[in-house]
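Reader: Could you walk me through the packing in this model, one question at a time? I would like to see the reasoning behind each answer.

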Amino acid sequence: MTRDPSLTRAPVMTRTPVRTRAVHLGPRSVLTLALVSAVGVAAFGWPFLAPPTSQVGAHAQDAPWLFAGLLVLLVAVVASALAESGLGPKAVAMLGVLAATGAALRPIGAGTAGIEPMFFLMVLSGRVLGPGFGFVLGNVTMFASALLTGGVGPWMPFQMLAMGWFTMGAGLLPVPVRARGRTEVRLLAAYGFFAAFAYGTAMNMAGWPFLGALASDIAFDPQAGVPANLARFVAYCLATSVGWDLGRAVVTVVLTLTLGPALLRALRRATRRAAFEAQVTFEAPER
C-alpha cells in the first residue's frame, strides 16, 4: 500500500510583498491632505487673494493666531495617515529616528548664512520612503525642532505645513527605479535647490503681511492691488532673505551630492530590513 506524498508534505511558507512606503496615503488621508493644503495656500497667500476692499487687512495683526488653527488640521492629517496605513512599530521607530535626527541637525549653523543641513535629510527620506511618510516626517520634524529650540509660536504651523510639502515633494518626483545612481542624486540636488528657495519664500509670505509700519516701502499695503503688493513682496524677499535662502539651497545641494549616495543606500537597506507590513503566512499543500 502506497501513501500519497502530498499527505505528508509540510505547509508552504509564503511572505506577502514587502512594502517600502511606511505611510500609505489612502483615499481618506489624501482628501484630508488636499483640504489642509487648500487652507494652507489660503493662509500663506491671503494678501494676494483678498481684494483691497476686504476687511481681512484690518485684522492683519490677528491673522497669525487665527491661521495657527492650521495646526489642528495638520494633526488630523497625521492621525488619518497613520490610522489608515496601519503604521507598525518599525515604521514608527524609523519616523522617530529620522525626525529626531532632523530636529538635532536644524540648530547646527543657526543664524549663519542659512546653513541648515536638515533639508537634505528631508529630501532623501521623502524620496526613499514616499510622499506619505515625507509629509508626516516634515510635520513631526518641525514640531520636534520647535520644542527643541524654543521656537513655538504662531509661525510653527506654517513651518510644519511648508516642511511637509517640501519633504512630500521629494517623494512625488517622477524618477524611474532604473534611473538610480548619479541621475537620481543630481535630480534630488536640483529639487533641493529650488525647494529650499520655495520654502523660504513661503515662510516670507507667512510673515511679510505683519510688518506694519516697520518698513513702509516693502510692507504689505491692504489698500494696494495685487501688482503693487507683489512688487513689495519681491523687494522684501530680496532685502531680507535671499542670501539666507541661497545658503540653505547651496548647503542642500552640496550635502546631497556628497553624502546622498551613501545615505540613499542606507535608507533603502533599512526599509528592506524593516519589511513594512510583510506578514508570514502558511498555506496548506495542495492535494
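Author: Gladly! One definition to start: a residue counts as buried under 20% relative accessible area and as exposed over 50%, with partly exposed in between. Please keep in mind that this is a predicted model.

Reader: Thanks! Is F220 buried or exposed?

Author: The relative accessible area of F220 is 12%. The cut-off for a buried residue is under 20%. F220 is therefore buried.

Reader: Which residue forms an edge-to-face aromatic pair with W208?

Author: Happy to show you. Planes over 60 degrees apart count as edge-to-face, and here the angle is 70°, with 5.5 Å centre to centre. W208 itself is buried, with a relative accessible area of 0%. Both rings lie in the loop between α7 and α8, so the pair ties together parts 12 residues apart in sequence, and the partner of W208 is F220.

Reader: Which residues do ring pairs link into a cluster with W208 and F220?

Author: Ring pairs carry the cluster on to two further residues. Besides W208 and F220, the cluster holds F48 and F233.

Reader: How many residues apart in sequence are F119 and F166?

Author: These two form an edge-to-face pair, 5.1 Å centre to centre with 85° between the planes. Both F119 and F166 are buried. F119 sits in helix α5 and F166 in helix α6, so the pair links distant parts of the chain, and the separation is 47 residues.

Reader: Which element gives the most residues to the largest nonpolar core?

Author: A nice one to look at in the structure. This core has 60 residues, and F44, L98, M163, F166 and Y199 touch the most other members. Among the elements that give two or more residues are α1 (27-49), α5 (118-149) and α7 (182-207). The top contributor, with 15 residues, is α5.

Reader: Which tryptophan does F44 touch, leaving out residues up to four places away in sequence?

Author: The contacts of F44 include F158, L161, A162, A202, M203, M205 and A206. The tryptophan among its contacts is W165.

Reader: Where does the largest share of the nonpolar surface patch come from?

Author: The patch is made of V226, L230, V234, L238 and V242, with about 410 Å² of accessible area together. V242 is found in helix α9. The largest share, 4 residues, comes from α8.

Reader: Is V242 buried or partly exposed?

Author: Its relative accessible area is 36%. Buried would need under 20%, and exposed over 50%. V242 is therefore partly exposed.

Methods
Residues numbered from 1 in each chain as written. Predicted model: local features only at pLDDT ≥ 70, side-chain atom pairs only at ≥ 80, totals over all residues. Heavy atoms only, no water. Core = buried A, V, L, I, M, F, W, Y, C linked by side-chain atoms within 4.5 Å. Buried < 20%, exposed > 50% of the residue type's maximum accessible area, 1.4 Å probe, protein only. Contact = heavy atoms within 4.5 Å. Patch = residues over 30% accessible without salt bridge, like charges linked within 9 Å, V, L, I, M, F, W, Y side chains within 5 Å. Areas by Shrake-Rupley, 256 points an atom, 1.4 Å probe, with all protein chains shown as cover. Salt bridge = Lys/Arg side-chain N within 4 Å of Asp/Glu carboxyl O. Phe/Tyr/Trp six-rings, centres within 6.5 Å; stacked < 30°, edge-to-face > 60°.
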